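Biologist: Got a minute? I'd like to go through this one with you, piece by piece.

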Amino acid sequence: MARTAERAGYDSVWVFERTLMPRAPLDGLYGAAGVPWPDQYHACADPLVTLSLAAAVTERVRLGSSVLVSGLHAPFPLARTLATLDAASGGRVLAGFGTGWSRDEYRAAKVTDFADRGAQLDELLDVCAAVWGRNPVAYAGRYAEIAPADVGPKPAGPLPVYLAATGGRALERVAGRADGWLPAHLTGEQLAVQRRKLAEAAERQGRDAAEIAVCLRVGVEPTGAPLPAAGRRPYSGSLDQIVQDLAEAGRAGAHEVLLDLQVHCADGSELADQAAELYAGVRAAGL
């Protein structure tokens with residue numbers, strides 16, 4: 001699929017992280033009480049292995065994560081893995097992190113207490129900055145302690161960090177520390193509202209929000225025929241309807257849109273066909 005996406009013209013390929021499918025989840029989907037987890041979570045491939053495989057068979061596409069759940073990983077090994085992948089791929093990695101929402105996953109990983117996930121992400125960002133920077137590397141924190149040492153390989157160049165956030169402390173973290181923001185499942189109108197909040201947070205921290213790239217993740221459901229406006233889910237329906245939704249997202253400030261098509265595809269062949277058709281439609285519309 002990575003090769004197919006690159007040949008079709010896509011700019012980037014992405015992974016997400018789900019580590020298990022609990023029989024009796026402690027949390028509903030995205031932390032919403034009572035919302036069931038989707039069937040595709042039964043067997044999600046390891047994201048870092050998947051990105052490594054994609055790096056080996058592509059030459060141009062960027063390799064992103066939306067997202068790696070920071071609290072499931074010890075910061076020092078994760079920083080080294082990402083640096084190695086970036087060096088091997090010629091500087092194509094985009095490190096997308098989030099705190100996650102599943103207490104079952106945190107319990108299984110036994111790396112971070114769920115209540116401490118925000119603090120652990122802050123430390124992960126510190127560790128990445130240290131490990132990806134000049135030698136000698138030295139760091140002392142709760143989740144990592146590095147006596148002065150040479151740590152390599154280094155990333156091929158500045159390795160951008162994108163963060164997921166919907167508001168509050170997480171959005172402040174994006175404003176203060178991230179190269180990019182990873183909102184998800186927002187209409188253009190909703191994105192515009194959230195982006196204004198991000199701009200306000202960036203101003204409080206002395207940054208220009210224009211410096212923060214926006215990659216919006218959306219679930220796309222092509223139906224072939226147009227759907228009635230009443231009750232239509234965003235990014236569903238005919239190609240023209242989906243392209244119109246994407247154009248609105250672009251006008252609202254999305255620099256890039258991650259098109260999640262796989263949920264509604266039976267196999268890789270169908271996914272490849274839909275991805276190629278959607279790409280052609282989006283480019284034909286001048287987006």
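Biologist: Where is His185 found?
Modeller: His185 sits in the loop between strand E8 (180–181) and helix H7 (188–204). Helices (H or I, at least four residues) and strands (E, at least two) are DSSP runs, numbered from the N terminus. Keep in mind that this is a predicted model, where local features need pLDDT of at least 70, side-chain atom pairs count only at pLDDT 80 or more, and totals for chains, interfaces and linings use all residues. Residues are numbered from 1 along each chain as its sequence is written, and side-chain values use heavy atoms, with hydrogens and water left out.

Biologist: What's the phi of His185?
Modeller: About 55°, so a positive phi although His185 is not a glycine.

Biologist: And is His185 buried, exposed or partly exposed?
Modeller: His185 counts as partly exposed, at 41% relative accessibility. Buried means under 20% relative accessible area, exposed over 50%, and partly exposed is in between (1.4 Å probe, protein chains only).

Biologist: OK, what about Lys110, where does that lie?
Modeller: Lys110 is in the loop between helix H4 (103–109) and H5. Its phi is positive too, near 55°. Lys110 counts as exposed because its relative accessibility is 71%.

Biologist: New topic: which residues does the cis peptide bond before strand E5 join?
Modeller: Asn135 and Pro136, with omega about 0°. Pro136 lies in the loop between H5 and strand E5 (137–140).

Biologist: And what is the peptide bond from Gly152 to Pro153, cis or trans?
Modeller: Cis, with omega near 0°. Pro153 is in the loop between strand E6 (145–149) and strand E7 (161–163).
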